[in-house]
Amino acid sequence: QCIMACPVGALTEKENIKEVWKALADPEKFVVVQTAPAVRVALGEEFGMPIGTRVTGKMAAALRRLGFDKVFDTDFAADLTIMEEGTELLTRLEKGERLPLMTSCCPGWVKFVEHFYPELIDNLSTCKSPHEMEGALIKHYLAEKLGVDKKNVVVVSIMPCVAKKFEGQREELSNENLQDVDYVLTTRELAQMIKEAGIDFTKLPDEEFDNPLGESTGAAVIFGATGGVMEAALRTVYDLLSGQDLESIDYVQVRGTTGIKEAELTLPNGKTIRAAVAHGLGNARQLMELVKSGEKHYDFIEVMACPGGCVTGGGQPIVDARTQACIDVKAERAKAIYDEDKDMPIRKSHKNPYVIRLYEEFLGKPNSHKAHELLHTHYVKRDRF
Ligand code: SF4
């Protein structure tokens, strides 16, 4: 295993472009791609577009032209994560156990807990991160639906993140001896492939993702910014418990780049959920110490290892120092994420019609046996050095 020099795995970055080109050229392989929320607000920078330009439609078009057999959106599985993790939260609150529940979408953060706070491993949500959920569904649900041999399916994730490359290889993230995700490419690697293919990115038309694993809501896209997972979860948990369709769903307390943010949500049953959000591992450590010392009590904690969340992940386009001096890159990309959320016709995960259908026809209900088999995982204590 790699030495714990960099908790987000940036020092072990390995390019996977060649392997992906090889899979795309193999007629036996059915190669499926999915893209994380933060990629769509940064990829354009590699083609000279201003920081914070949204290129969701062009990105889908480029992926199709690269030859992927299906172009899906990790955002679908982000909605699914909210269903699974929201249910997990409500169950733990009811039983009063393993609180605070801590999010598990960020492999840099998960590995940080495994190394430095192993006594809190049980507090991590057992949900796989969204792209791992999507990979598992592609191989063990979609392949059968499409009549494709799952052994020939290759799942490629486009991520803003280098830690996801490590995560993709974790043996816990597999079913029937098939890794959920075969290759992880960063935003930069995708840009390189588009350039190698001679595609004129800026001239591409806007295209849609394929379905059913490409449909998502505004709640899913905000996973790309710090506080987004928390906000998405609160939107759903409140509605599900109240039986209402709350109109005011912008939880601004958990937005922005304050190191540690706190919010309280009073539920219709009178119970209050105490939430905290941290980004960057320095803030995460501070938060964990507050929790361990008993100085603070929370029910639900979101942590993202990168400052600002995935929008500034290690796999995103590199912005030179001169530009950084004039533009707040984190803020511009995050603004694009929240604009994308606002423009979505559906902004709550539990209202995603394809997620609803997936439960009806395949998973049963959130946290069901089938859902646990495919969408949940476990963690291991790791040595510090
Ligand atoms: Fe990866 Fe950083 Fe996002 Fe964590 S916050 S998932 S390390 S890009």
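How many bridges join strand S8 to S9, and do the two run parallel or antiparallel? The legends below take this up first, for a model that is predicted.

**View 1. The hairpin of strands S8 and S9.** Strand S8 (residues 260-266) and S9 run antiparallel and are joined by 7 bridges. One of the pairs is threonine 266 with its bridge partner in S9, threonine 272. Between the strands of this hairpin there are 5 residues. Glycine 270 in the hairpin takes a positive phi near 90 degrees.

**View 2. Strand S9 and its link to S10.** S9 spans residues 272-279, and 6 of its 8 residues are buried, which leaves the strand mostly covered. With strand S10 (residues 300-304), S9 runs parallel, and 5 bridges join them. Here histidine 279 stands opposite methionine 304 in S10. Helix H10 (residues 281-293) belongs to this view too: S9, H10 and S10 make a right-handed β-α-β unit.

**View 3. The open sheet of 4 strands.** The order of the strands is S3-S10-S9-S8, and the pairing is mixed. Strand S3 (101-102) and S8 are the edge strands, each pairing on one side only. S3 is held to S10 by 2 bridges in the parallel sense. Leucine 101 stands opposite phenylalanine 300 in S10. In a regular strand, side chains alternate between the two faces of the sheet.

**View 4. Helix H2 and its surroundings.** Helix H2 (residues 56-66) is largely enclosed by the rest of the structure, because 8 of its 11 residues are buried. The buried residues are Thr56, Lys58, Met59, Ala60, Ala61, Ala62, Leu63 and Leu66. They pack against three helices and two strands, namely helix H1 (17-25), helix H7 (187-196), helix H12 (329-343), strand S1 (30-35) and strand S2 (70-73). An α-helix has 3.6 residues a turn, so residues three or four places apart point the same way. After H2 comes glycine 67, whose phi is positive, near 105 degrees.

**View 5. The residues around the ligand.** There are 13 residues around the ligand. Those that come nearest are Cys106, Gly108, Cys161, Cys306 and Gly313. By kind, the shell around the ligand divides into 9 nonpolar residues, 3 polar and 1 charged.

How values were computed:
Residues are numbered from 1 along each chain as its sequence is written. This is a predicted model: local features need pLDDT of at least 70, side-chain atom pairs count only at pLDDT 80 or more; totals for chains, interfaces and linings use all residues. A residue is buried if 20 or more other C-beta atoms lie within 10 Å of its own, exposed if 12 or fewer, and partly exposed in between; C-beta atoms are placed from the backbone. Two strands pair if DSSP finds at least two bridges between them. A crossover is right-handed if, with the strands pointing away from the viewer, the path from the first strand over the helix to the second runs clockwise. A residue is near a molecule or strand if its C-beta atom, placed from the backbone, lies within 6 Å of it. Ala, Val, Leu, Ile, Met, Phe, Trp, Tyr, Cys and Pro count as nonpolar, Asp, Glu, Lys and Arg as charged, and the others, Gly among them, as polar. Two residues are in contact if their C-beta atoms, placed from the backbone, lie within 7 Å.
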